[in-house]
Amino acid sequence: AALSPWDVMLCVSGTAIACENALVVAIICYSPALRTPMFALVGSLATADLLAGLGLILNFIFQYVVRSETVSLLTVGFLVASFAASVSSLLAITVDRYLSLYNALTYYSERTVLCTHTMLAGAWGISLCLGLLPVLGWNCLHDRAACSVVRPLTKSNVTLLSASFFLIFLIMLHLYIEICKIVCRHAHQIALQQHFLTASHYVATKKGVSTLAIILGTFGASWLPFAIYCVVGDPDYPSVYTYATLLPATYNSMINPIIYAYRNQEIQRSMWVLFCGCFQAKVSFRSRSPSDV
């Protein structure tokens with residue numbers, strides 16, 4: 001088959017995603033200071049995005065080097081499971097951030113650890129089931145009329161995936177609105193205690209709300225076009241439409257490490273130790289909680 005520039009861009013995107021997230025996974029695994037529920041969720045997100053990047057690379061290889069319908073089906077199922085785990089991990093991080101503010105006094109307890117493990121088990125379990133659906137028979141290899149804009153997934157399959165994404169997006173939107181309310185309420189309470197709203201409190205509140213808007217806006221801008229096109233698109237449409245909406249969706253996995261990992265000062269310190277071999281005590285770092293946005 002002729003080499004498609006879209007497939008090349010997806011492969012390049014997958015390579016960048018894999019490299020970025022592999023570093024995050026390595027730092028979290030080899031840093032004892034990062035063995036906390038918050039970093040377990042960040043590690044889950046990085047692992048899911050790492051697998052998604054590898055899936056994009058494998059999809060390119062099997063499409064142009066080892067052509068097989070069975071292998072292609074396995075690769076698509078692997079990608080579905082990986083991206084589903086990535087989106088589910090984002091939801092788990094959002095829930096964790098909300099709980100760290102809503103239940104601030106009881107957040108650092110064994111109950112939080114149990115809640116984190118439960119969310120991770122649920123996220124990966126559901127993602128694995130979604131990835132296995134096309135492999136176990138929910139595909140259009142033998143019925144071309146049932147194909148969706150993403151072959152070999154069926155129309156009903158992509159509709160289920162899109163509906164799941166819309167539900168997760170709405171839940172995240174609701175939780176981030178609640179987080180904004182809590183942040184603003186905390187700033188107002190501090191202002192009442194000090195009898196006036198200082199400029200630093202206003203700037204901190206505005207920065208927190210702006211960061212939340214950027215996080216949710218990036219997530220929506222990356223995945224909404226592809227999710228909508230999966231519902232309204234027709235398999236007879238030019239494949240360029242599918243590529244044009246799918247490529248921005250992969251960028252979300254490229255941006256996630258920057259938003260959720262590399263901005264964190266504990267991970268910055270671990271990276272400093274990893275690359276420099278030593279830690280200069282004169283460089284100060286402050287441990288951050290999940291509510292630090």
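Trainee: Which residues does G77 touch, not counting residues up to four places away in sequence?

Mentor: This is a predicted model, and G77 sits in its helix α3, residues 69-102. Leave out residues up to four places away in sequence, and the residues G77 touches are G131, P134 and V135.

Trainee: Is G77 buried or exposed?

Mentor: Buried means under 20% relative accessible area. G77 has a relative accessible area of 4%, so G77 is buried.

Trainee: What separates the C-alpha atoms of G77 and L132?

Mentor: Along the chain, G77 and L132 are 55 residues apart. In the model, their C-alpha atoms are separated by 6.0 Å.

Trainee: Which residues of α4 are buried?

Mentor: Helix α4 covers residues 110-135. Two residues that G77 touches, G131 and P134, are on the list of buried residues. The full list for α4 is T112, T116, M119, L120, A123, S127, L130, G131 and P134.

Trainee: How far does α4 reach from its first C-alpha to its last?

Mentor: α4 has 26 residues. At 1.5 Å a residue, 38 Å is expected. The reach in the model is close to that, at 38 Å.

Trainee: What is the phi of G137, which follows α4?

Mentor: Most residues other than glycine have a negative phi. G137 comes after α4 and has a positive phi. The value is near 135°.

Trainee: Which residues does a cis peptide bond join?

Mentor: Most peptide bonds are trans. Here is a cis one, with omega about 10°. One partner, P152, is in the loop between α4 and α5. The cis bond joins R151 and P152.

Trainee: Where is the kink in α7?

Mentor: Helix α7 runs over residues 239-262. Its 24 residues reach 35 Å from first C-alpha to last, close to the 34 Å expected. The helix has a kink of about 35°, shortly before the proline P257. The kink lies at I255.

Trainee: N256 is also in α7; is N256 buried or exposed?

Mentor: The cut-off for buried is under 20% relative accessible area. N256 has 2%, so the answer is buried.

Trainee: With which residues is N256 in contact, leaving aside its neighbours within four places in sequence?

Mentor: N256 is found in helix α7. Set aside neighbours within four places in sequence, and the contacts of N256 are L45, D49, S86, L90 and A261.

Trainee: Which backbone oxygen does the side chain of S222 reach?

Mentor: S222 is in helix α6. S222 counts as buried because its relative accessibility is 6%. At 2.8 Å, its side chain reaches the backbone oxygen of T218.

Trainee: What else is S222 in contact with, leaving aside neighbours within four places in sequence?

Mentor: T218 is reached by the side chain of S222. Beyond neighbours within four places in sequence, S222 has contacts with T245, P248, A249 and N252.

Trainee: Is R35 buried or exposed?

Mentor: R35 is found in the loop between α1 and α2. Exposed means over 50% relative accessible area. R35 is at 55% relative accessibility, so R35 counts as exposed.

Trainee: How far is the backbone oxygen of C29 from a polar atom of the side chain of R35?

Mentor: R35 touches I28, C29 and Y30, not counting residues up to four places away in sequence. For C29, the backbone oxygen and a polar atom of the R35 side chain lie apart by 2.6 Å.

Trainee: How many helices does the protein chain have?

Mentor: From the N terminus on, the elements run α-α-α-α-α-α-α-α. The chain has zero strands. The number of helices is eight.

Trainee: How much of residues 38-65 is helix?

Mentor: The unreviewed UniProt entry lists residues 38-65 under "transmembrane region". The end C-alpha atoms of that span lie 40 Å apart. Strand accounts for 0%, and helix for 96%.

Trainee: In which helix is confidence lowest?

Mentor: The protein chain averages a pLDDT of 83. Confidence is highest in helix α1, at a mean of 93. At a mean of 78, confidence is lowest in helix α6.

Terms used: Residues are numbered from 1 along each chain as its sequence is written. This is a predicted model: local features need pLDDT of at least 70, side-chain atom pairs count only at pLDDT 80 or more; totals for chains, interfaces and linings use all residues. Side-chain values use heavy atoms; hydrogens and water are left out. UniProt positions are given in the numbering used here, feature names are shortened, and annotations may be inferred rather than shown by experiment. Helices (H or I, at least four residues) and strands (E, at least two) are DSSP runs, numbered from the N terminus. pLDDT is the predictor's confidence in each residue, from 0 to 100. The expected span of a helix is 1.5 Å times one less than its number of residues. The bend at a residue is the angle between axes fitted to the seven residues ending there and the seven starting there. Buried means under 20% relative accessible area, exposed over 50%, partly exposed in between (1.4 Å probe, protein chains only). A polar contact is a pair of N or O atoms within 3.5 Å; within protein, one must be able to donate a hydrogen and the other to accept it, and residues adjacent in sequence count only if both atoms are side-chain atoms. Contact means heavy atoms within 4.5 Å.
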